[in-house]
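User: Can you walk me through some helix packing and a pocket in this model? Keep it casual, please.

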Amino acid sequence: MTAFARPDRNLPRNLLARVADDTLWLIALLHVVLAASLVVALFFVAEADAQEAECGGSNVLTALAKTDPTKFATLEAEAAAVPNGKGIFWKIEKDGIAASWLLGTMHVTDPRVLALPAEAPAAFAAASTVIVESDEIVDEKKSAAAILMRPDLTMFPDNKTIADFLKPGDREQLEAGLKARGIPLTLVARMKPWMIASFVALPACEISRKATGASFLDKKIAEDAVSQGKTLKGLETLIEQLAAMDSLPTELHLRALIETLALGKTIDDVFATMTDLYLSGDTGMIMPMMRSVSDKGTAEDFGYADFEQRIIVDRNKTMATRAEPILKDGGAFMAVGALHLPGKEGLVELLRAQGFTVTRAN
C-alpha cells in the first residue's frame, strides 16, 4: 500500500529519484509512447512500504501469441516495419573523429536494465563526454528548485481542481480508481492529470526501489560520469520537458489517467512486457503492444498524433540539434529514452541526416 502525506517546506530526498523522465513514459503506458518525463510530486510525496514489494506481471505478448496468433502476427508485422526498431545500442561514426555511442534507456531502477548491454560498459569507460536528456538530474536541490519555481506546469491555477474538467460519470470512476490505490481524490485534486498518473502507473516494486533512493538508469549513468571525471552534458532542461507535457490538452491527459486506472493490475503486465521488449532490444514492438492493450478507441480519437509530435518528434529534433556539436568532437556516450531512437523521425535517422554513420552495436 502507498500512503501520501504533505511534506514540510524542505524538499524530500526521493523527489528527484522520481523527477526522472517517468511521467511521460507512464502516460504512454496506455497510449502508444514510451517517452520520458519528470515529476511525481511537488506538494505530495509517495512513500513506499519499508518492506520492498516484489515485482509481478506477465508478458502480454506471450499470452497473445497463444490465444490469438493472428493478432500477434499482425503486431509482429507492424513492429518489423518500424525503421531501426531493433537494438538499443548504436555506434556513431564520422571520418576523422573518435566513435561515439548511443544508448536507448528505460527510466527505471530494475537491476536487469541497470546492467547495460554487453558492449556498453567498455564504450562508457572510453568516453570523455556523457550526454543525457537532462544533466540536472544529478543535482537534486537545483532541479527541485527549478521545478518549484514553475507550479503552473504541474498544478492547476486559480484554485481550480481536476473536478472542474471532469465529464459526467468520470468523477466516480476516477475516485474509485484512486481509492483502490490508497489515494484520496481530495489529496491530489489540484495536481494536473499527468502528475496523478505517475502515482498510479508504476508497479509497487519500482516505487519501492525509488523511494529507498535507488537510481534509475539515466541518473546512474549521469552519476557515474560525474564520479569518473567525465564531462556531463544535457540536451534539455527539466522545465522544457515539463512544458512539453503541459502543452498537451488537459482532456487528453485526463482520459489517459482514467484509462490507466481502468487497467488495474494489467498495468503490471504492461510494465513487465515493456521491460522484456527493452531487454531484447525490440523497441519497434512497444507501440503496437500498447495499442493492443489500450483499446479505448483509436489512436486518432485519443489525439495520439499531437502527443507523438510534441513529446517524441519535436523533442527528437531538439535532441539531435543540440547533440550534433558534441558528437562532432567524438568520444561521447549518449543515453536517452529508448523510444527516441526508432522511426523515420527517430534519433538514429536524424543523426544519419547530419552526416553520421549510425550502426547497431548490439
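Analyst: Sure. A word on terms before we start: angles under 35 degrees count as roughly parallel, over 145 as roughly antiparallel, 65 to 115 as roughly perpendicular and the rest as oblique. Also bear in mind that this is a predicted model.

User: Then how do α3 and α4 sit relative to each other?

Analyst: Helix α3 covers residues 60-67 and helix α4 covers residues 69-80, and their axes come within 6 Å. They cross at roughly 130°. That value falls in none of the named ranges, so α3 and α4 count as oblique.

User: Which residues of α4 make that contact, and how do the contact residues divide by class?

Analyst: From α3 come Leu61, Leu64, Ala65, Lys66 and Thr67, and from α4 come Pro69, Lys71, Phe72 and Leu75. By class, the contact of α3 with α4 splits into 6 nonpolar, 1 polar and 2 charged.

User: What about α7 and α13: at what angle do they pack, and what is that called?

Analyst: Helix α7 (residues 140-148) and helix α13 (residues 238-246) have axes 9 Å apart. Their packing angle is about 40°. α7 passes α13 in a right-handed crossing. The angle is what makes α7, relative to α13, oblique.

User: Which residues meet there, and how many are charged?

Analyst: On the α7 side you have Ser143, Ala146 and Ile147, which meet Leu238, Ile239 and Leu242 in α13. The contact of α7 with α13 has 5 nonpolar and 1 polar residues, and the charged count is none: no charged residues.

User: And how is α15 oriented against α16?

Analyst: Helix α15 spans residues 266-280, and its axis lies 10 Å from that of α16. The two pack at about 165°, with a right-handed crossing. Since angles over 145 get that label, α15 and α16 are roughly antiparallel.

User: Which residues of α16 meet α15?

Analyst: α15 brings Thr266, Val270, Thr273, Met274 and Leu277 to the contact. By class, the contact of α15 with α16 has 7 nonpolar, 2 polar and no charged residues. The α16 partners are Ile286, Met289, Met290 and Val293.

User: On to the second largest pocket: which helix gives the most to its lining?

Analyst: The second largest pocket holds about 360 Å³ of space. Of its 19 lining residues, the closest to the centre are Val82, Met287, Glu308, Gly343 and Lys344. α16 (286-293) and α18 (304-327) each supply at least two lining residues. With 5 residues, the one giving the most is α18.

User: How many residues of that lining are nonpolar?

Analyst: The lining of the second largest pocket includes 5 polar and 5 charged residues. The nonpolar count is 9.

Technical notes. Residues numbered from 1 in each chain as written. Predicted model: local features only at pLDDT ≥ 70, side-chain atom pairs only at ≥ 80, totals over all residues. Heavy atoms only, no water. 1 Å grid on protein atoms, 1.4 Å probe; cavity = no way out; pocket = protein on both sides within 12 Å on 5 of 7 lines; lining within 4 Å. Points joined across faces, edges and corners; volume = space filled by probe spheres on them. Helix = DSSP H or I, 4+ residues; strand = E, 2+ residues; numbered from the N terminus. Nonpolar A, V, L, I, M, F, W, Y, C, P; charged D, E, K, R; others polar. Axes fitted to C-alpha atoms, helices over the stretch in contact; angles between N-to-C directions. Left-handed = near helix turned anticlockwise from the far one by under 90°. Contact = heavy atoms within 4.5 Å.
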